[in-house]
Amino acid sequence: MLRSSQPLTGPNRKRCREDETLLGTVLDEKERGFVIDTRSAQVAKQARMTGGGTEPKSSYPQWKRLHRPLERGRPLQESFIKLVEACNDTSINMDRWLSRLESSRWLSHVKAALSTACLAAQCMDREKASVLVHGAEGTDTTLLVTALAQVILDPSCRTLAGFQGLLEREWIQAGHPFHLRCSRSAYSHARLKQEAPLFLLFLDCVWQLSRQFPFSLEFSERLLLALFDNAYASAYGTFLCNNEKERCLCKVKESTHSLWAWLNEPGEKKKYLNPLYSHNALVIWPSVEPQSIQLWQGLFFRWIRSSQHLDEAWAEIQRLVEGD
């Protein structure tokens with residue numbers, strides 16, 4: 001699996017011999033690969049006018065391009081805001097609540113992200129093909145798809161340590177701009193152009209996987225909630241800045257503590273483990289049917305509904321498992 005930003009072909013359809021050679025070496029003579037573009041065909045075509053574009057078919061004869069548009073930026077942030085506003089409004093009736101949930105389109109974004117990740121995983125697992133995932137800059141929806149595909153395919157990414165490594169590799173080192181995307185919350189009245197909950201969407205998708213496969217992920221919902229909290233407001237430096245260059249210039253590693261070091265402290269680590277976990281070496285294929293995608297109540301209702309009983313139930317399960 002490969003990931004990149006869009007090729008800079010521009011309106012004159014420029015070629016990049018180095019790119020062609022690089023992708024050519026990935027495939028043997030009779031093999032084929034898939035380019036999954038997270039933009040619509042129309043948006044990708046429009047990008048040529050500003051210097052971007054797509055890979056010309058004639059220059060990449062062994063690669064087939066598939067467009068699977070995923071929202072990012074303002075539309076995704078507005079969806080997040082509408083959902084949070086609906087969750088916080090306890091005065092409306094059921095019909096009104098369901099209407100607001102649907103109009104937020106948040107669950108549609110979750111479904112689209114999981115569907116695209118499943119497509120990438122199927123190309124690799126069932127077609128035995130190489131996959132290149134790209135969007136515009138290669139730091140948002142591209143990372144969402146590649147990270148989810150690895151959780152689906154690779155059991156090591158479903159362990160606590162492996163999942164931390166996945167986040168470090170696919171989100172932090174790959175340059176997801178956390179400072180720009182998570183600088184304000186859904187409660188802010190400001191509407192910043194760069195704001196977008198891409199990382200939250202990823203965490204929500206992982207929660208969907210954990211709910212559909214409750215024995216296959218070593219970590220619990222509590223870890224996903226902690227990651228959400230630290231992406232927006234943290235005492236640690238792990239999610240600071242927008243890329244590795246900025247973190248080096250700001251000397252983040254020298255001046256702050258790592259979130260991973262704290263999570264792996266023996267006393268803390270125990271809190272984030274799934275007591276029902278059993279190693280599953282198989283690929284986990286999530287259902288993306290409407291009835292299978294659920295609202296992440298543990299996150300979106302956490303400030304208006306107590307989780308005491310759920311926490312007590314998990315504590316009892318953990319006690320029983322340790323007793324065995």
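Ala, Val, Leu, Ile, Met, Phe, Trp, Tyr, Cys and Pro count here as nonpolar, Asp, Glu, Lys and Arg as charged, and the others, Gly among them, as polar. With that in hand, let us look at a pocket and a helix pair in this predicted model.

The second largest pocket has a volume of about 640 Å³. It is lined by 30 residues, and those closest to its centre are Leu70, Glu71, Arg72, Gly73 and Ala136. Sorted by class, the lining holds 11 nonpolar, 11 polar and 8 charged residues.

Which helices each supply at least two residues of this lining? They are α5 (106–125), α6 (141–153) and α8 (178–181). Of these, α5 gives the most, with 4 residues.

Two of the helices that help line the pocket, α5 and α6, also pack against each other, at an angle of about 60° and with their axes 8 Å apart. Angles from 35 to 65 degrees fall in the oblique range, and α5 and α6 are therefore oblique to each other. In passing α6, α5 makes a right-handed crossing.

Here are the residues that make the contact between the two helices.

| Helix | Residues in the contact |
|---|---|
| α5 | Ala113, Thr116, Ala117, Cys118, Ala120, Ala121, Met124 and Asp125 |
| α6 | Leu144, Val145, Leu148, Ala149, Ile152 and Leu153 |

By class, this contact of α5 with α6 comprises 12 nonpolar, 1 polar and 1 charged residues. The pocket lining, for its part, has 11 nonpolar, 11 polar and 8 charged residues.

Key
Residues are numbered from 1 along each chain as its sequence is written. This is a predicted model: local features need pLDDT of at least 70, side-chain atom pairs count only at pLDDT 80 or more; totals for chains, interfaces and linings use all residues. Side-chain values use heavy atoms; hydrogens and water are left out. On a 1 Å grid over the protein atoms alone, a cavity is a set of points where a 1.4 Å probe fits but cannot get out, and a pocket is an open set with protein on both sides within 12 Å along at least five of seven lines; lining residues have an atom within 4 Å of a point. Grid points are joined across faces, edges and corners, and a volume is the space filled by probe spheres set on the points. Axes are lines fitted to C-alpha atoms, for helices over the stretch in contact, and angles run from 0 to 180 degrees between N-to-C directions. Angles under 35 degrees count as roughly parallel, over 145 as roughly antiparallel, 65 to 115 as roughly perpendicular and the rest as oblique. A crossing is left-handed if the near helix is turned anticlockwise from the far one by less than a right angle, and right-handed if clockwise. Contact means heavy atoms within 4.5 Å.
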